[in-house]
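Biologist: I'd like to learn how to read a model like this one. Can you walk me through it?

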Amino acid sequence: KRRNPGQPEFHQAVEEVAEKLIPFINDNPKYLNASILERMTEPDRVVSFRVTWQDDKGNVRVNRGFRVQFNGAIGPYKGGLRFDKSVTLGTLKFLGFEQVFKNSLTTLPMGGAKGGSDFNPKGKSDNEVMRFCQAYMTELYHHIGKDTDVPAGDIGVGAREISYMFGQYRRITNKFTGVLTGKGLAFGGSNVRKEATGYGSVYFAREMLARKGHTLDGKTAIVSGAGNVAQYTVEKLIHLGAKVVTMSDRSGYIYDQDGIDAEKLQYIIHLKTVKRGDLSSYVEDYPDAKFFPNEHPWGVKAQLAFPSATQNELDGEAAKTLIKNGCILVCEGANMPSTNEALKVFEKAKILFGPGKAANAGGVAISGLEMTQNSMRLQWTFEEVDERLQQIMKKIHDKCVEYGDEDDWVDYVKGANIGGFVKVADAMLAYGVL
Ligand code: NDP
């Protein structure tokens, strides 16, 4: 904490990992003697830069851009870009640190990174977003490349932003390479990338339930968030027979006791990605539903919970409420949505708990497959990529069970942390001291 002052989210992420890893490292002195965990908590490289752009009124605006290249031991750096007013270096360090373990768990050769800016896309015109993205890439392009570092999307960075940034990279370098993932299907994107994180999270939940002899069919689910991850979590839950009764955004949450069906979901996707409005308008078109301003959905009774909005949206009290209401499974679509207090509550109750670095790894896994397709200059079909996604989520699940099985219960947090750690640590050991 002395070395990284003012970075509470980074401390939180490291504490969660260290708690599960330290006993394992003590049992395996090769990692202890080489100070592997200490080395893994220090990023390989951090780049911070000024982004200057012009708003629609002609005012010159300045934001701060970052790229945190956390660990490149097992492959090119890989991880999303977040554009949000809350972004600090500490936020991106927590996300980059988690990404190292997550990418290792996917079984694909990818190092961990994260980047972004404190630019707030809310209320900005398309032209302003375009000018910002171009300005951001004008500096970032020095630090990335298809074999060096391959960014993707995250909060505030979706198809529109990736397209503007890829266009600028191509224009500056005069090269068409797979330097970003999440691209449009017309210019090197992969089928299922848009759906991958949400679908993957539901596939992970399906694996956890199957081990206990349960299915998703007929279960009630609460989902938070209304962005990319939440939308496709809801879509897959509907496909697999679950009833989704909530979604949320920064304005509050909606409760629809009849269930958000495919048609209502399309309404929400349009609302969020085209109109860029907030969820309060849902109740104008679906008057049987209720809107709760500035609240999270964790008080709603359900068997399944999918926190899919942002970090620390589910605290210890909310975790206790979920358990009290009969929740048997929590699957993290977002990164670190549960506080460490909430994790303790879930651990004590021994429910099925899928931590983000395992459960939401489907997105980066398909990004990895987008890189493969770009190198081959091929595009696989939707069915082919979806099949691979299901296999990868099963492998991640099984890896968590391998390292987290406690006889009467699987500690998926421990399983994911150790399972993700071993491959990266072995690579670092093999390279010697550097
Ligand atoms: P989006 O920007 O598409 O959506 C984010 C959603 O969360 C929006 O509905 C947003 O509300 C809501 N939200 C954001 N911040 C807050 C807040 N402080 N309080 C309440 N609601 C909030 O992002 P994604 O769906 O891509 O990302 C969601 C989470 O999933 C993040 O934690 C991200 O790191 C993680 N993730 C994403 C992956 C991906 O492939 N996209 C991969 C793996 C993890 P509003 O609509 O009002 O802005």
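Modeller: Let's begin where the two domains meet: eight residues of domain 1 are in contact with eight residues of domain 2. Contact means that the C-beta atoms, placed from the backbone, lie within 7 Å. By class, the domain 1 side of that meeting has five nonpolar, one polar and two charged residues. Here Ala, Val, Leu, Ile, Met, Phe, Trp, Tyr, Cys and Pro count as nonpolar, Asp, Glu, Lys and Arg as charged, and the others, Gly among them, as polar.

Modeller: One caution: this is a predicted model, where local features need pLDDT of at least 70 and side-chain atom pairs count only at pLDDT 80 or more, while totals for chains, interfaces and linings use all residues. Residues are numbered from 1 along each chain as its sequence is written.

Biologist: Which residues make up each domain?

Modeller: Domain bounds come from an automatic or database domain assignment. In this chain, domain 1 is 43-177 and domain 2 is 194-359. Their C-alpha centres lie 27 Å apart.

Biologist: And why does the ligand lie between them?

Modeller: Both domains give residues to the shell around the ligand, so it lies between them. A residue is near a molecule if its C-beta atom, placed from the backbone, lies within 6 Å of it. Of the 24 residues around the ligand, Gly227, Asp249, Ala309, Ala334 and Gly363 come nearest. By class, that shell has six nonpolar, 13 polar and five charged residues.
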